[in-house]
Amino acid sequence: MEKPCNSNRQFLLLHLLFLSLLVGLTNSTAAPSQDEQSKIISRFQEYLQINTAQPSPDYQKSTHFILSQANSLSLESQVVEFVKGKPVVLLKWPGSDPSLPSILLNSHTDVVPSEYSKWVHPPLGAHIDEQGNIFARGSQDMKCVGMQYLEAIRRLKSSGFQPKRSLYLSFVPDEEIGGHDGAEKLAYSDVLKNMNVDIVLDEGLPSPNENYRLFYAERTPWWLVIKATGAPGHGAKLYDNSAMENLFKSIESIRRFRASQFDLVKAGLKAEGEVISVNVAFLKAGTPSPTGFVMNLQPSEAEAGFDIRIPPTANTESLEKRIAEEWAPASRNMTFEFKQKVTTHDDLGRPLLTASDNSNPWWTLLEEAIKKANGKIGKPEIFPASTDARYFRQLGLPAIGFSPMVNTPILLHDHNEFLNQAEYLRGINVYESIIKAYTSFIPPGRDGVSRDEL
Ligand SMILES: *[C@@H]1O[C@H](CO)[C@@H](O)[C@H](O)[C@H]1NC(C)=O
Ligand SMILES: [Zn+2]
């Protein structure tokens with residue numbers, strides 16, 4: 001039967017209306033107005049201006065600020081002090097299906113100290129220059145990320161979005177001094193257990209090019225001290241087996257190993273995070289005198305310390321063998337000890353890494369969400385240093401390191417740390433897309449509906 005022309009047109013109009021609604025729902029919400037943008041930036045500046053620099057961060061002030069943000073967003077909040085004076089601020093946006101595990105977005109509230117005199121604009125000023133660069137300690141590491149989470153929630157809430165999974169934000173203290181009183185305590189707490197977390201996002205690094213960087217693991221530190229002993233003697237005499245000679249033989253061997261690893265990076269065969277790095281932290285030897293050192297004496301003891309960073313993919317057994325047999329062999333009267341030796345395996349004995357392929361739906365979802373927000377993505381990377389993400393991976397949870405900053409010089413812990421405001425705003429769009437995807441994700445098989453059927 002032929003429909004009358006009129007109703008056909010109505011149908012078309014309805015259809016168009018429906019389509020435009022759909023477009024509005026799937027794309028990120030419309031660009032914020034000028035007024036809204038400047039409010040977003042001033043909230044960021046306000047957070048940056050709170051002095052949370054180690055060694056005496058003002059956590060009272062940062063906690064107060066975060067809670068006021070949570071309040072304005074009607075998020076549930078909780079402050080937990082696993083250690084007195086070290087507040088972990090937890091915010092929750094409850095999901096519509098409490099039976100689904102939750103999402104955790106982590107950020108640390110502390111920053112490293114600054115040498116004020118070396119900065120063009122003061123590190124606590126959050127000054128914005130003519131190019132739109134916001135100068136402040138923490139603008140990259142990582143107050144940007146903490147605020148972007150909140151701003152993304154603000155936008156999603158005002159667009160009427162409702163998450164299926166609960167979304168948690170954790171603002172943790174002391175990452176810059178090891179995270180032992182912050183993220184580590186949280187990770188091993190009942191509080192976290194009760195949150196029933198499925199995936200954690202934490203910090204990454206800026207990218208000097210146009211590709212966002214995603215980190216699936218990090219290198220673990222081994223701090224090694226080797227000690228040599230040997231017969232002391234006159235500084236004019238050539239003889240074997242002095243402590244210094246014994247130590248230098250080791251140092252030569254360590255330096256050859258260092259060069260072999262560095263060559264792989266220089267040749268472009270491996271990324272910085274994929275090799276074992278070894279750097280001398282200290283050398284300690286000599287017999288002190290009132291004016292310095294005794295110059296005509298070969299000492300009987302000598303020591304050196306090394307900061308070694310190991311990717312979870314490395315063969316640690318062969319490294320341990322190398323240390324015992326080549327770097328500190330007993331046959332050369334040497335001993336060694338570790339000042340710190342972090343495991344490269346999680347609590348379940350698996351390599352400390354998060355799958356970075358489609359065996360891990362969170363990885364795929366993250367990549368898709370970033371692309372949906374018009375972002376490009378580089379190769380998965382191993383973070384060269386340490387972050388709080390390791391504590392969550394240690395538990396066996398997947399954790400991905402990501403800070404949405406492209407076309408940005410890497411200035412973490414450097415003088416004149418800055419982030420461009422356009423880049424900051426773009427990062428909010430990216431998180432909006434990620435939060436949507438993550439909190440809506442229902443694993444295949446749930447609700448009796450398989451992914452294929454959907
Ligand atoms: C190790 O120490 C012993 C005893 O002090 C000494 O006789 C020997 O020559 C030393 N060997 C080396 C390689 O330094
Ligand atoms: Zn950081």
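A residue is termed buried if 20 or more other C-beta atoms lie within 10 Å of its own, exposed if 12 or fewer do, and partly exposed in between, with C-beta atoms placed from the backbone. The model is predicted, so local features need pLDDT of at least 70 and side-chain atom pairs count only at pLDDT 80 or more, whereas totals for chains, interfaces and linings use all residues. Residues are numbered from 1 along each chain as its sequence is written, and chains are lettered from A and ligands numbered from 1 in the order in which they are written.

**View 1. Overall C-alpha trace of the protein.** The trace spans about 110 × 50 × 45 Å along its principal axes. Eleven helices and 21 strands make up the secondary structure; helices (H or I, at least four residues) and strands (E, at least two) are DSSP runs, numbered from the N terminus. Of the 454 residues, 39% count as buried. Among contacts between residues at least 6 apart in sequence, 78% join residues at least 24 apart, two residues being in contact if their C-beta atoms, placed from the backbone, lie within 7 Å.

**View 2. The residues listed by UniProt under "active site", Asp110 and Glu175.** The listing comes from an unreviewed entry; UniProt positions are given in the numbering used here, feature names are shortened, and annotations may be inferred rather than shown by experiment. The two residues span 66 residues in sequence, yet their C-alpha atoms are no more than 6.8 Å apart, so they gather at one spot. Asp110 lies in the loop between strand E3 (102-108) and strand E4 (127-128), and Asp110 is buried, with 26 other C-beta atoms within 10 Å. Beyond its neighbours within four places in sequence, Asp110 is in contact with Thr52, Gln54, Pro57, Pro173, Asp174, Glu175 and Glu176. Glu175 belongs to the loop between strand E6 (167-172) and helix H5 (183-187). Glu175 counts as buried because 27 C-beta neighbours lie inside 10 Å. Residues up to four places away in sequence aside, Glu175 touches His108, Asp110, Gly182, Ala183, Thr387 and Asp388.

**View 3. The residues listed by UniProt under "binding site", His108, Asp141 and Glu203.** This listing, too, is taken from an unreviewed entry. Although the three span 96 residues in sequence, no two of their C-alpha atoms are more than 8.7 Å apart, so they gather at one spot. His108 lies in strand E3 and is buried, with 27 other C-beta atoms within 10 Å. Leaving aside neighbours within four places in sequence, His108 contacts Met142, Val172, Glu175, Gly182 and Asp388; Glu175 is one of the residues in the "active site" listing. Asp141 is placed in the loop between strand E5 (133-135) and H4. Asp141 is buried, with 27 C-beta neighbours inside 10 Å. Its contacts, not counting residues up to four places away in sequence, are Val111, Glu203, Leu412 and His413, and Glu203 is itself in the "binding site" listing.

**View 4. Packing of helix H2 (residues 34-48) against helix H4 (residues 143-158).** Two packed helices are described by the angle between their axes and the distance between the axes. H2 and H4 pack at an angle of about 140 degrees, with their axes 10 Å apart, which makes H2 oblique to H4. Axes are lines fitted to C-alpha atoms, for helices over the stretch in contact, and angles run from 0 to 180 degrees between N-to-C directions. Angles under 35 degrees count as roughly parallel, over 145 as roughly antiparallel, 65 to 115 as roughly perpendicular and the rest as oblique. The crossing of H2 and H4 is right-handed; a crossing is left-handed if the near helix is turned anticlockwise from the far one by less than a right angle, and right-handed if clockwise. Ile40, Arg43, Phe44, Tyr47 and Leu48 in H2 meet Lys143, Met147 and Glu151 in H4. By class, this contact has five nonpolar, no polar and three charged residues, where Ala, Val, Leu, Ile, Met, Phe, Trp, Tyr, Cys and Pro count as nonpolar, Asp, Glu, Lys and Arg as charged, and the others, Gly among them, as polar.

**View 5. Packing of H4 against helix H11 (residues 421-440).** The angle is about 60 degrees and the axes are 8 Å apart. H4 passes H11 in a right-handed crossing. Residues of H4 in the contact include Cys144, Gln148, Tyr149 and Glu151, and those of H11 include Tyr424, Gly427, Ile428 and Tyr431. The contact of H4 with H11 has nine nonpolar, two polar and four charged residues.
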